[in-house]
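Work through the exercises below on aromatic rings and their contacts. Each task is followed by a solution in steps.

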Amino acid sequence: MANWAQMYDWHFDVDRVPELLDRVEREDDGEAWAELGRRLILERDLVSPAGIAALPRLVRLAPGSTEARHLAGEIMERAAAHHGVDDLLGASADVITEFGALLDLHMQSRPADYLVTFRALLAVKEQYHWANVLGDFTDDFYHLACPHCAVEVTIAIGDYGRYSAIRDWNLGDVDRRDLRAAPAEELSGVGRWMHELAVRDGEDVLADGIAHLFGKAECPRCGSVFVIADEYAASNRPVLR
């Protein structure tokens with residue numbers, strides 16, 4: 001159980017978040033939810049100690065509250081960042097597992113907030129790098145270094161194409177090379193899991209995007225071929241404490 005006397009929010013208060021949680025537990029209060037978001041999340045990047053402490057109460061509310069589900073998801077997406085209460089996060093393992101089951105069930109209803117829910121589930125599975133970058137593949141770009149010649153390669157997966165390129169300040173994406181999507185039967189690990197979820201839930205665009213993200217790209221500079229997801233994860237997956 002959290003010691004709220006030590007759980008500072010981003011306004012450096014220790015008593016306001018419990019009061020706000022009491023309010024939203026009594027009734028759906030839009031102003032209270034908005035203030036909770038400001039106190040628990042900082043500039044969309046960091047979560048306060050109070051945010052980690054609030055997780056059990058938010059998860060308890062999540063089955064009947066979109067606001068609680070979304071806020072708990074935002075907290076989880078930032079859980080790998082420094083917040084100073086790793087022990088409290090570890091003690092919430094059962095709550096996080098419960099939250100993951102709730103998110104998975106919600107996804108199967110094919111909701112309007114499917115991608116938001118998917119990203120939250122990725123964070124629950126400690127796939128923080130994907131949780132914070134995965135888009136809807138209408139206009140997604142990933143930037144990584146070629147593992148062979150170290151040139152920066154832009155990976156585009158969206159309505160404008162699925163390609164690797166060198167990004168030029170004046171000319172845009174030049175020397176484009178088509179990506180090679182991974183066949184479903186060749187996917188493994190987290191890529192296979194992500195793809196199977198999207199297919200299960202009829203999210204065809206998302207499934208196709210994931211197949212390309214975990215597929216192969218050709219470096220426009222040296223011509224070497226590499227797995228996109230492997231190189232992105234190597235540079236962006238956080239080292240968990």
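**Exercise 1.** Find which charged residues lie over the rings of phenylalanine 141 and tyrosine 163 in this predicted model.

Solution. Start with phenylalanine 141: arginine 167 lies over its face, 4.8 Å from the ring centre. Then take tyrosine 163, whose ring has the charged end of arginine 176 over it, at 4.2 Å from the centre.

**Exercise 2.** Classify the pair formed by the rings of tryptophan 130 and phenylalanine 214, and locate both residues.

Solution. The structure contains four aromatic pairs. For tryptophan 130 and phenylalanine 214, the ring centres are 5.5 Å apart and the planes stand at 50°, so this pair is tilted. Tryptophan 130 belongs to helix 8 (residues 128–131), while phenylalanine 214 is in the loop between helix 10 (204–213) and strand 7 (216–218); the pair therefore ties together parts 84 residues apart in sequence. Tryptophan 130 and phenylalanine 214 are both buried.

**Exercise 3.** Do the same for tyrosine 142 and tyrosine 232.

Solution. The centre-to-centre distance is 5.6 Å and the angle between the planes is 85°. Planes over 60 degrees apart count as edge-to-face, and that is the class of the tyrosine 142 and tyrosine 232 pair. Tyrosine 142 is found in strand 3 (residues 139–145) and tyrosine 232 in helix 11 (residues 228–236), so parts 90 residues apart in sequence are tied together by the pair. Both tyrosine 142 and tyrosine 232 are buried.

**Exercise 4.** State what ring pairs make of Trp130, Tyr142, Phe214 and Tyr232.

Solution. Ring pairs join Trp130, Tyr142, Phe214 and Tyr232 into a cluster.

Note on methods
Residues numbered from 1 in each chain as written. Predicted model: local features only at pLDDT ≥ 70, side-chain atom pairs only at ≥ 80, totals over all residues. Heavy atoms only, no water. Phe/Tyr/Trp six-rings, centres within 6.5 Å; stacked < 30°, edge-to-face > 60°. Helix = DSSP H or I, 4+ residues; strand = E, 2+ residues; numbered from the N terminus. Buried < 20%, exposed > 50% of the residue type's maximum accessible area, 1.4 Å probe, protein only. Lys NZ or Arg CZ within 6 Å of the ring centre and 35° of its normal.
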